[in-house]
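I opened my notebook to keep a record of what I looked up, one place at a time. My plan was to write down each value as I found it.

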Amino acid sequence: MRTILETRSEDETRAAGAALASRVPAGTWVLLFGDLGAGKTAFVRGMAEGLGVEPAEVSSPTFVLVQEYRGRLPLHHVDLYRVSESEVEDLGLDELSGAGGIVAIEWAERLGQPMPTAIRVSIVDAGGDRREITIEENAGAYSDR
Ligand code: ADP
Ligand code: MG
């Protein structure tokens with residue numbers, strides 16, 4: 001299933017993230033794609049809000065590769081911007097699968113292995129404050145989790 005939406009502000013992108021996080025089960029992986037400044041972090045902030053995380057808890061990931069926010073479900077926020085594809089394997093991200101929460105990964109193209117069951121969120125700057133957000137999910141994505 002593919003959903004395409006256009007947002008016109010950071011708040012609208014956060015709302016889109018919140019809506020997604022509110023309806024997916026524990027164990028869901030969300031892979032985010034898009035250039036620097038596209039709005040990936042804004043979307044993940046929205047996901048955290050959708051899970052009931054205190055907004056003050058959600059800071060921009062600086063040099064922390066994996067941040068955990070505690071909401072209705074834990075949200076593990078990973079930013080692979082500064083990580084090379086060869087280093088990704090050493091991070092042990094697979095272990096997050098067993099953590100009972102939701103995993104959101106910025107710069108997911110750095111993940112070497114394909115993840116067919118993950119939800120893919122691609123954000124493109126459409127000029128000014130407009131962003132085109134494409135959300136792709138497989139119909140059977142949750143069946144093996
Ligand atoms: P990324 O994580 O993809 O590098 P960020 O979420 O950190 O991007 O930053 C997105 C920037 O774009 C922020 O400065 C935000 O205010 C701005 N922005 C403008 N319009 C939007 C929009 N519609 N959605 C998301 N961010 C937007
Ligand atoms: Mg970011």
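The entries below go through a metal site and two loop residues in what is a predicted model.

Entry one, the metal site. I looked up which protein atoms serve as donors to the magnesium ion (ligand 2), and I found OG1 of Thr 41 and OE of Glu 106, lying 2.2 Å from the ion. I then located this pair along the chain, and I noted that Thr 41 sits in helix H2 (residues 40–50) while Glu 106 belongs to strand E5 (residues 102–106), so that distant parts of the chain, 65 residues apart, are linked by the pair. For accessibility I took under 20% relative accessible area as the cut-off for buried. Thr 41 has a value of 18% and is therefore buried, and Glu 106, with 3%, is buried as well.

Entry two, Leu 36. I found this residue in the loop between strand E2 (29–33) and H2. Its relative accessibility is 60%, and because exposed means over 50%, Leu 36 counts as exposed. Leaving aside residues up to four places away in sequence, I saw that Leu 36 touches Tyr 81 and Trp 107. I also looked up Glu 87, which is 51 residues from Leu 36 in sequence and lies 20 Å from it in space, C-alpha to C-alpha.

Entry three, Thr 28. I placed this residue in the loop between helix H1 (10–23) and E2, and I recorded it as buried, at 4% relative accessibility. A polar atom of the Thr 28 side chain lies 2.6 Å from the backbone oxygen of Pro 25.

Conventions. Residues are numbered from 1 along each chain as its sequence is written. Chains are lettered from A and ligands numbered from 1 in the order in which they are written. This is a predicted model: local features need pLDDT of at least 70, side-chain atom pairs count only at pLDDT 80 or more; totals for chains, interfaces and linings use all residues. Side-chain values use heavy atoms; hydrogens and water are left out. Donors are N, O and S atoms within 2.8 Å of the metal (3.2 Å for Na, K and Ca); water is not among the atoms, so sites may look incomplete. Buried means under 20% relative accessible area, exposed over 50%, partly exposed in between (1.4 Å probe, protein chains only). Contact means heavy atoms within 4.5 Å. A polar contact is a pair of N or O atoms within 3.5 Å; within protein, one must be able to donate a hydrogen and the other to accept it, and residues adjacent in sequence count only if both atoms are side-chain atoms.
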